[in-house]
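Reader: Hi! I'm in my first year and still learning how to look at protein models. Could you take one part of this one and walk me through it slowly, then show me how the surroundings fit in?

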Number of protein chains: 2
Amino acid sequence: MQITSKFTIAVHIVIAVDYFKDSQKVTSNFLAGSVGANPVIVRNVMGDLKNAGIISISQGKSGMALARVLEDITFYDVYRAVSCVSDEGLFHFHEKPNMDCPVGRNIHKVLDEELLGVQNAMEAQMKAVKLSDIVNKTRREIANEVNSQA
Amino acid sequence: MQITSKFTIAVHIVIAVDYFKDSQKVTSNFLAGSVGANPVIVRNVMGDLKNAGIISISQGKSGMALARVLEDITFYDVYRAVSCVSDEGLFHFHEKPNMDCPVGRNIHKVLDEELLGVQNAMEAQMKAVKLSDIVNKTRREIANEVNSQA
DNA sequence: GCCTCATGTAATGATAGTTATTACATGATA
DNA sequence: TATCATGTAATAACTATCATTACATGAGGC
């Protein structure tokens with residue numbers, strides 16, 4: 001099991017929208033080139049990010065732009081935007097526990113709270129990662145590249 | 001995306017093996033009845049739990065038994081036993097970021113550490129949940145049932 | 001020592017989710 | 001108004017999950 005690549009694509013998009021904002025017209029085709037995925041996939045993710053209020057989309061010269069400052073965007077916001085995890089929860093429960101069995105009859109009452117706790121721990125960590133830090137890290141890495149070449 | 005039901009099935013199995021150890025011969029068919037899943041699925045999960053050293057399997061009268069005390073089994077042990085998450089990691093990365101793009105070229109360097117941090121947070125919470133607590137909770141719930149009926 | 005029965009495993013199929021792709025309608029902006 | 005980007009529908013390939021049938025293997029009970 002893995003969380004769909006729509007999540008890393010979405011983060012990639014946010015980084016690129018910020019990074020190229022002064023040098024490029026950022027369109028779905030341009031982003032698809034950077035991400036290495038199909039433009040339709042990118043447009044769908046763009047739509048998710050727009051609906052979540054993370055980016056704004058214009059067809060004009062300005063192209064895409066961030067709708068909020070990077071400090072106010074976390075991994076969790078992006079993760080929610082692209083619906084990585086089913087509304088049923090992170091864990092898929094077996095669907096037909098036997099109600100005539102004392103264990104089967106109580107299995108949800110016994111596990112649901114702890115399973116939600118695990119999901120909450122994951123999501124809390126996602127809330128702790130700010131896109132501003134990610135973008136700063138990206139700029140540092142790119143700057144380092146140039147320095148090592150010189 | 002959801003974590004396979006093999007995880008909740010495996011936890012169900014551990015609970016049932018302990019709960020019925022004095023009253024029933026616990027076999028894959030019996031467990032399949034309690035879980036409400038196919039006996040082959042149950043046998044596969046049993047095999048995973050055996051390989052992880054969590055249960056021992058005998059064909060004789062004794063049936064299945066725990067190979068360790070419940071205090072020494074956590075959600076994480078069960079989660080590892082049934083291989084819920086790809087070895088590649090919890091997050092599926094888009095596979096062809098553009099190496100000619102400064103963002104695409106550095107996206108792994110920028111994200112891998114934080115993504116692993118999220119996965120670690122989830123797994124740390126799983127390590128904090130002991131099956132002994134889960135089994136005790138199960139026994140309490142079943143006891144409550146009887147009391148409410150009376 | 002043989003018989004029974006549970007486990008282990010292979011093979012197949014149904015279903016659903018993910019990603020890619022073509023195609024086209026819509027709508028904003030230059 | 002022409003252009004070009006977005007939005008979206010439809011289809012397909014691929015993979016993962018779960019169910020199911022079938023059968024070989026092997027351990028325990030008698």
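Author: Let's start with two phenylalanines. In this predicted model, A:Phe7 is buried, and A:Phe75 is buried as well. Buried here stands for a relative accessible area under 20%. Their rings have centres 5.4 Å apart and planes at 90°, so this pair is edge-to-face. To call a pair edge-to-face, the planes have to be over 60 degrees apart, and 90° passes that cut-off, so the label fits.

Where do these two residues sit along the chain? A:Phe7 belongs to helix α1 (residues 6-19) of chain A, while A:Phe75 belongs to helix α4 (residues 75-81) of chain A. With their positions 68 residues apart, the pair links distant parts of the chain. There is a third partner too: B:Phe91 joins A:Phe7 and A:Phe75 in one aromatic cluster. Over all chains, the structure holds 10 aromatic pairs.

Another of these pairs is found in chain B. The rings of B:Tyr19 and B:Phe20 have their centres 5.0 Å apart and their planes at 90°, so this pair is also edge-to-face. Are B:Tyr19 and B:Phe20 buried or partly exposed? B:Tyr19 is partly exposed, at a relative accessible area of 23%, and B:Phe20 is buried, at 8%. The cut-off of 20% falls between these two values, so the two neighbours get separate labels.

Now let's widen the view. In soluble globular proteins, nonpolar side chains tend to be buried together. Here, the largest nonpolar core has 96 residues. Those with the most contacts inside this core are A:Phe7, A:Leu49 and A:Phe75, along with B:Phe7, B:Leu49 and B:Phe75. So our opening pair, A:Phe7 and A:Phe75, appears on that list.

Take B:Phe75 and look at what surrounds this residue. Leaving aside neighbours within four places in sequence, B:Phe75 contacts B:Phe7, B:Val11, B:Met126, B:Val129, B:Leu131 and B:Ile134 in chain B. From chain A, the contacts of B:Phe75 are A:Leu111, A:Glu114, A:Leu115 and A:Val118.

Back in chain A, helix α1 also holds A:Val14. At 0% relative accessibility, A:Val14 counts as buried. Beyond four places in sequence, A:Val14 is in contact with A:Leu49, A:Ile54, A:Leu66, A:Leu70 and A:Leu131. One of these, A:Leu49, is among the core residues with the most contacts.

Next, follow helix α1 of chain B. Helix α1 (residues 6-19) packs against helix α2 (residues 28-35) of chain B at an angle of about 115°, with the axes 10 Å apart. The crossing of α1(B) past α2(B) is right-handed. On the α1(B) side, the contact is made by B:Ile9, B:His12, B:Ile13 and B:Ala16, and α2(B) contributes B:Leu31, B:Ser34 and B:Val35. Sorted by type, the residues of this contact are 5 nonpolar, 2 polar and no charged.

Helix α1 of chain B has a residue of another kind as well, B:Asp18. Is B:Asp18 buried or exposed? B:Asp18 is buried, with a relative accessible area of 8%. Not counting residues up to four places away in sequence, B:Asp18 touches B:Leu66, B:Leu70, B:Val135 and B:Arg139.

Finally, let's visit some loops. In chain A, A:Gln59 lies in the loop between β1 (55-57) and β2 (64-66). At 80% relative accessibility, A:Gln59 counts as exposed. In chain B, B:Ala52 lies in the loop between α3 (39-51) and β1 (55-57) and is partly exposed, at 31%. Apart from neighbours within four places in sequence, B:Ala52 is in contact with B:Arg68 and B:Ala81. From B:Ala52 to B:Arg80, the C-alpha to C-alpha distance is 8.2 Å, though 28 residues separate them in sequence.

One backbone detail is worth finding in each chain. A:Ser83 has a phi near 50°, which is a positive value in a residue other than glycine, and B:Ser83 has a positive phi of about 50°. A:Ser83 sits in the loop between α4 and α5 (102-127) of chain A, and B:Ser83 in the loop between α4 (75-81) and α5 (102-127) of chain B. A:Ser83 counts as exposed at 54% relative accessibility, and B:Ser83 counts as exposed at 55%.

Conventions: Residues are numbered from 1 along each chain as its sequence is written. Chains are lettered from A and ligands numbered from 1 in the order in which they are written. This is a predicted model: local features need pLDDT of at least 70, side-chain atom pairs count only at pLDDT 80 or more; totals for chains, interfaces and linings use all residues. Side-chain values use heavy atoms; hydrogens and water are left out. A nonpolar core is a set of buried Ala, Val, Leu, Ile, Met, Phe, Trp, Tyr and Cys residues joined through side-chain atoms within 4.5 Å. Buried means under 20% relative accessible area, exposed over 50%, partly exposed in between (1.4 Å probe, protein chains only). Contact means heavy atoms within 4.5 Å. Axes are lines fitted to C-alpha atoms, for helices over the stretch in contact, and angles run from 0 to 180 degrees between N-to-C directions. Helices (H or I, at least four residues) and strands (E, at least two) are DSSP runs, numbered from the N terminus. A crossing is left-handed if the near helix is turned anticlockwise from the far one by less than a right angle, and right-handed if clockwise. Ala, Val, Leu, Ile, Met, Phe, Trp, Tyr, Cys and Pro count as nonpolar, Asp, Glu, Lys and Arg as charged, and the others, Gly among them, as polar. Rings of Phe, Tyr and Trp (its six-membered ring) pair if their centres lie within 6.5 Å; planes under 30 degrees apart count as stacked, over 60 as edge-to-face and the rest as tilted.
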